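Biologist: Got a minute for this model? Please pull it up.

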Amino acid sequence: MPSFDHYQFDVVVVGAGHAGTEAALAAARLGAKTALLTMSCDTVGQMSCNPAIGGVAKGQIVREIDALGGEMGRVIDATGIQFRMLNSGKGPAMHSPRAQADKKAYQFDMKWRVEQQDNLSLRQELVEVLETDNGKVTGVRVAGGTVYRAAAVILTTGTFLKAIMHTGETQSEGGRAGERASHGISGELLSLGFQLERFKTGTPARINGRTIDFSKCTAQPGDDVPQPFSYLNNSITQPQMDCHLTETTPEMHALIRENLHRAPMYSGQIESTGPRYCPSIEDKVVRFADKETHQIFLEPEGRNTLEYYCNGISTSLPRDVQDRMIRMIPGLENSDIMRFGYAVEYDFAPPTQLHASMETRLVEGLYFAGQLNGTTGYEEAAGQGLLAGINAALKVAGKSPFILDRSQAYLGVLIDDLVTKGVDEPYRMFTSRAEYRMLLRQDNADRRLTPLGIEIGLVSAERKQKHDAYEQEIAQMQKLIADHRYQGKSMEEWLRRPEITWNNVEQMAPDIAAASFSDRAKRQMEIEVQYAGYIRRQEMEISKLQKVDSIRIPESFKFAGITQLRHEAREKLGKLRPATLGQASRVSGITPADIAVLMMYLKAEGTGSPENADKP
């Protein structure tokens with residue numbers, strides 16, 4: 001039984017959003033006794049902003065989370081109300097799944113999965129103090145004085161640290177409408193020596209669908225054959241709902257310009273940086289002054305509500321301006337606003353203060369994940385949470401950290417970007433950030449990552465069985481197209497032609513058709529055979545770069561003593577302490593000349609060659 005003044009756990013996760021739930025589930029599934037602490041048990045897994053999962057590059061991340069044994073893909077499959085494969089007219093590296101969610105159903109389903117998990121205790125607590133001893137975390141203290149002791153603590157505080165919400169001139173404390181801010185943790189981090197900065201994000205108004213004239217909008221249906229996110233699911237069977245498309249008007253833009261002096265981002269009320277790729281409607285009107293209209297997607301928030309999310313017009317303008325501008329939009333002339341848009345300012349910790357394992361450099365056993373690291377998006381948060389949860393459990397068990405390379409996953413790109421380059425605006429994943437995106441496709445995430453999930457012990461027996469069966473199916477198909485011939489050519493040679501599909505192969509070789517392969521395996525073979533040349537080229541590039549990337553830099557290496565390095569390079573490398581030469585090359589501001597100097601010194605110390613890459 002616990003003492004009246006403390007509880008004993010292996011891992012404590014603070015915050016139960018998308019990062020926190022994945023972190024807690026992963027740690028518990030790896031055998032760590034885990035506590036998930038949240039200010040409110042009613043908001044576990046809540047979608048604070050848009051009612052959707054996935055999108056360009058984000059969909060790949062969700063597939064990777066699922067392939068490793070995470071939960072986001074399974075929850076959206078169970079609760080989605082519309083599924084679409086974006087960029088389906090482009091090459092396979094650009095295909096990205098996206099799904100509209102029933103927001104409440106998603107939240108309740110995720111909460112139920114957390115409650116069902118062995119080794120995991122969900123508690124409603126307000127964390128006020130980080131307990132440390134000699135540079136190591138020992139737990140957290142909550143309101144009332146109770147201590148949750150643990151060898152590893154994961155902070156996933158979202159937008160709640162010293163958060164302030166803005167709607168025009170009106171300000172109020174809180175990281176989400178109707179919820180309070182968290183103040184204690186910011187002070188704790190500062191006292192431990194962490195650097196904190198401020199970012200801003202925003203959200204649009206929500207409209208009562210009863211008051212929308214959909215006849216003036218364009219229907220946006222889902223795919224005829226929706227594809228699931230999770231590799232454990234073969235199909236989506238629930239009915240889909242339409243989204244609708246409308247647009248802003250020149251009159252609305254004029255109204256916004258007239259009221260820019262009342263917009264917090266332009267009045268000086270907000271000074272922190274917001275997401276450049278997802279600007280507010282005020283920013284769009286100013287930055288793209290030549291555009292007379294901008295698209296607005298009207299997205300249903302669920303099956304059992306008439307609330308619609310106005311995607312594309314995030315704003316922090318005053319309520320009276322929002323009322324007027326919304327009614328200037330085709331289809332929304334008589335609309336009733338249920339929730340007004342607002343902006344949120346919050347503290348974050350620049351992620352260069354982290355190791356690639358998500359553990360902080362300053363405090364051993366303390367991990368950061370999600371928007372605390374300067375990212376934005378449910379998917380980026382969930383991916384960080386999953387990796388932080390894995391590594392916290394591995395650390396408690398005395399095992400080496402689990403770190404993904406940039407060539408293995410979008411998750412590897414995400415973490416490497418954060419810890420080596422840092423952020424100067426809220427970070428969002430794009431396909432352009434991944435130099436090996438031909439390999440990192442959404443269709444093959446399980447083939448890339450499930451074996452790693454099996455190795456660390458996170459993958460369930462059901463997933464392993466399904467993965468093994470799929471790999472056997474692929475191997476059989478590869479053998480058949482190599483062995484069978486038609487008009488003097490192997491079926492593999494025929495399939496390399498872009499106009500040839502697997503169905504054509506089956507017509508030319510009835511023996512192959514008799515094997516009855518799954519539709520997914522057929523498409524996989526089409527992609528891998530037809531893009532084999534591109535894939536081989538990227539694999540060769542990876543092989544060359546890994547020789548440099550794997551060269552370790554000793555923890556004791558003294559960058560300050562290399563006078564041939566520029567002062568900026570010495571300062572940055574000394575502060576970030578990259579673990580490998582490849583990581584050093586990706587640090588912002590580091591030049592090829594700096595790397596050449598660094599390589600020379602590493603060779604002099606006997607660690608600057610690939611054959612010595614694994615030496616301590």
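Modeller: Here is a quick run through the overall fold and one sheet.

Modeller: This is a predicted model: local features need pLDDT of at least 70, side-chain atom pairs count only at pLDDT 80 or more, and totals for chains, interfaces and linings use all residues. Residues are numbered from 1 along each chain as its sequence is written, and side-chain values use heavy atoms, without hydrogens or water.

Biologist: How many helices and strands in the protein chain?

Modeller: 21 helices and 24 strands. Those are DSSP runs, numbered from the N terminus: helices are H or I with at least four residues, strands are E with at least two.

Biologist: What radius of gyration does the protein chain have?

Modeller: 25 Å, which agrees with the value near 25 Å for a compact globule of 616 residues. That radius is taken over C-alpha atoms, and the globule rule is 2.2 Å times the number of residues to the power 0.38.

Biologist: And what box do the C-alpha atoms fill?

Modeller: Roughly 75 × 65 × 60 Å, along the principal axes.

Biologist: Now the sheet. What is the strand order?

Modeller: β1-β10-β9-β8, an open sheet with mixed pairing. Two strands pair if DSSP finds at least two bridges between them. The edge strands are β1 (6–8) and β8 (127–133), each pairing on one side only.

Biologist: How many bridges join β1 to β10?

Modeller: Three, and the two strands run parallel. β10 covers residues 147–149.

Biologist: Which residue stands opposite Tyr7?

Modeller: Tyr148, in β10.
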